[in-house]
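Please look over the sequence and the 3D structure shown here. Then work through the short briefing below it, topic by topic.

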Amino acid sequence: MIQTAQRLDGIGEYYFSKKLREIDELNKAGKNIINLGIGSPDQPPHPDVIATLQEESAKPNTHAYQNYKGSPVLRSAFSQWYRQYYGVTLNPETEILPLIGSKEGIMHICMTYLNNGDKVLVPNPGYPTYSSAVKLAGGTTVPYELLEVNNYEPVLEEIDTAGVKLMFVNYPHMPTGQLPTDAFFEKLVAWAKERDILVIHDNPYSFILNNHPKSLLSVKGAKDIVLELNSLSKSHNMAGWRVGVLVGHADRLNEVIRFKSNMDSGMFLPAQLAAAKALLLPREWYDSVNFIYKNRQKKVFALLDLLNCTFSRQQAGMFVWASANNNSTLSNNHELGAGGFLSDEVLYKANVFITPGGIFGSAGNNYIRVSLCATEEKIDEAIKRIKENL
Ligand SMILES: Cc1ncc(COP(=O)(O)O)c(C=O)c1O
């Protein structure tokens with residue numbers, strides 16, 4: 001019998017990969033499920049981005065292995081993007097490392113810094129990949145709770161930091177849609193510096209339903225203690241392209257490259273050049289993306305009103321996070337709380353899939369998360385089904 005490695009103990013298949021299989025089965029049985037679960041943009045990238053990919057890939061000399069540090073054209077575009085939108089100056093030669101999506105960067109960072117048993121602070125609720133990557137790299141997760149009453153900010157004074165080496169933070173926060181404040185960012189950097197904790201800020205949502213993108217690196221002195229992940233997946237409708245970036249101190253990036261350069265052999269050059277094109281699009285690009293999300297968001301608010309959920313109308317990112325407001329015994333008995341119960345009800349009775357908040361950690365148990373990556377027509381249809389069947 002072949003045994004899997006111990007590092008996989010306690011690591012399940014990614015929730016969505018399992019759930020999408022169940023939805024496939026339901027669809028095969030004729031259910032025609034409306035998926036308001038997953039955050040994969042359904043709109044295409046800008047036409048100039050596609051044209052660049054086409055033109056560059058038609059050339060004979062763009063097909064070789066690429067530089068481990070990414071194309072200078074892409075690094076320079078990331079540098080301009082950070083200066084223009086975040087007010088952060090980065091040296092394109094040394095402080096920018098393109099990634100095959102930011103998800104892989106989370107793993108590279110854990111593999112670069114963690115020894116067995118090293119502690120890592122992860123948000124609860126939060127993106128599940130932080131915990132999986134920490135565990136796969138041999139580290140130990142120390143979840144910190146993010147509560148609505150605290151505006152989904154951690155109470156730093158209450159966190160036990162003994163033995164903590166890294167901390168993952170993510171604002172605008174997924175799944176709660178919470179925006180960061182300057183005061184919180186400044187406090188976080190000072191706190192981490194005092195304790196010698198490397199803060200990994202994961203920042204893929206700053207352009208979605210938010211007119212003031214912020215980088216944690218904009219805090220004075222942050223480069224000493226902060227690495228930031230960013231991505232074109234959401235901001236440029238390029239999730240399937242797999243283009244992200246790690247930015248921060250040159251020494252840190254060189255450390256990460258020691259691991260990463262043993263994992264992959266660079267990215268397809270035409271994809272990098274097209275990504276550079278995307279980064280240099282005018283501001284109107286983001287307005288056009290957000291116009292669509294704003295209209296969908298209004299409809300999702302109506303859907304959530306119908307389900308008697310409560311929620312903030314000031315959320316950023318491509319989801320709406322809402323409290324399921326149900327204290328029935330049935331709800332309390334569900335392993336994912338009231339949110340899990342409501343998600344099942346809506347899936348099995350109305351053929352609409354919404355994500356139970358509990359998959360992002362126990363503090364999300366009474367919540368649900370609705371994606372804005374579905375057309376207004378689909379959301380209207382979901383509303384109709386919920387009205388008719390719940
Ligand atoms: C908080 C968060 N970080 C990172 C990612 C990964 O994005 P990428 O496509 O850049 O790997 C996601 C994707 O859903 C996310 O929600």
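This briefing covers the record, the cores, one strand, the cysteines and two single residues.

The model is predicted. Its largest nonpolar core holds 96 residues. This core lies between two domains, because both of them give residues to it. Elsewhere, strand β7 has six of its six residues buried. The disulfide count is zero.

**What the record says**

- An unreviewed UniProt entry lists residues 32–386 as "domain: Aminotransferase class I/classII large".
- That span is 38% helix and 15% strand.
- The C-alpha atoms at the two ends of residues 32–386 lie 14 Å apart.

**The nonpolar cores**

- In the largest core, L36 and M167 touch the most other members.
- Helix α9, which covers residues 284–306, gives the most to this core: eight residues.
- Domain 1 is made of 13–42 + 284–389, and domain 2 of 47–281; both contribute to the core, so it lies between them.
- M167 has many partners beyond its sequence neighbors: leaving out residues up to four places away, it touches L121, Y144, P154, L156, I159, L188, W191, I197, L198, V199 and I200.
- Another core, of 23 residues, lies apart from the largest one. Its members include I106, V122, L246 and V256.

**Strand β7 and its partners**

- Strand β7 spans residues 226–231, and six of six are buried, so the rest of the structure largely encloses it.
- In a regular strand, side chains alternate between the two faces of the sheet.
- Both faces of β7 are covered. On one side, V226, E228 and N230 are buried. On the other, L227, L229 and S231 are buried too.
- Strand β6 (residues 198–202) runs parallel to β7, and four bridges join them. Here D202 stands opposite L229 of β7.
- Strand β8 (residues 244–248) pairs with β7 in the antiparallel sense, over five bridges. Here E228 stands opposite V247 of β8.

**The cysteines**

- Why does C309 form no bond with C373? The closest cysteine sulfur to that of C309 is in C373, and it is 19 Å away, too far for a bond.
- C373 is in no disulfide either, and its nearest cysteine sulfur is that of C309.
- C309 has 6% relative accessibility, so it counts as buried. The cut-off for buried is under 20%.
- C373 has 11% relative accessibility, so it counts as buried as well.

**Two residues to find**

- Is R258 buried or exposed? At 67% relative accessibility, R258 counts as exposed. The cut-off for exposed is over 50%.
- R258 sits in helix α7, which covers residues 250–260.
- R258 and T112 are 146 residues apart along the chain, yet 7.8 Å separates their C-alpha atoms.
- T176 is buried, with a relative accessible area of 3%.
- T176 lies in a loop, between β5 (164–169) and α6 (182–195).
- Which residues does T176 touch, not counting those up to four places away in sequence? They are P125, Y152, Q315 and W321.
- T176 and T52 are 124 residues apart along the chain, and their C-alpha atoms are separated by 35 Å.

Definitions and conventions:
Residues numbered from 1 in each chain as written. Predicted model: local features only at pLDDT ≥ 70, side-chain atom pairs only at ≥ 80, totals over all residues. Heavy atoms only, no water. Core = buried A, V, L, I, M, F, W, Y, C linked by side-chain atoms within 4.5 Å. Buried < 20%, exposed > 50% of the residue type's maximum accessible area, 1.4 Å probe, protein only. Domains from an automatic or database assignment. Contact = heavy atoms within 4.5 Å. Disulfide = S-S within 2.5 Å. UniProt positions renumbered as here; feature names shortened; annotations may be inferred. Pairing = 2+ DSSP bridges.
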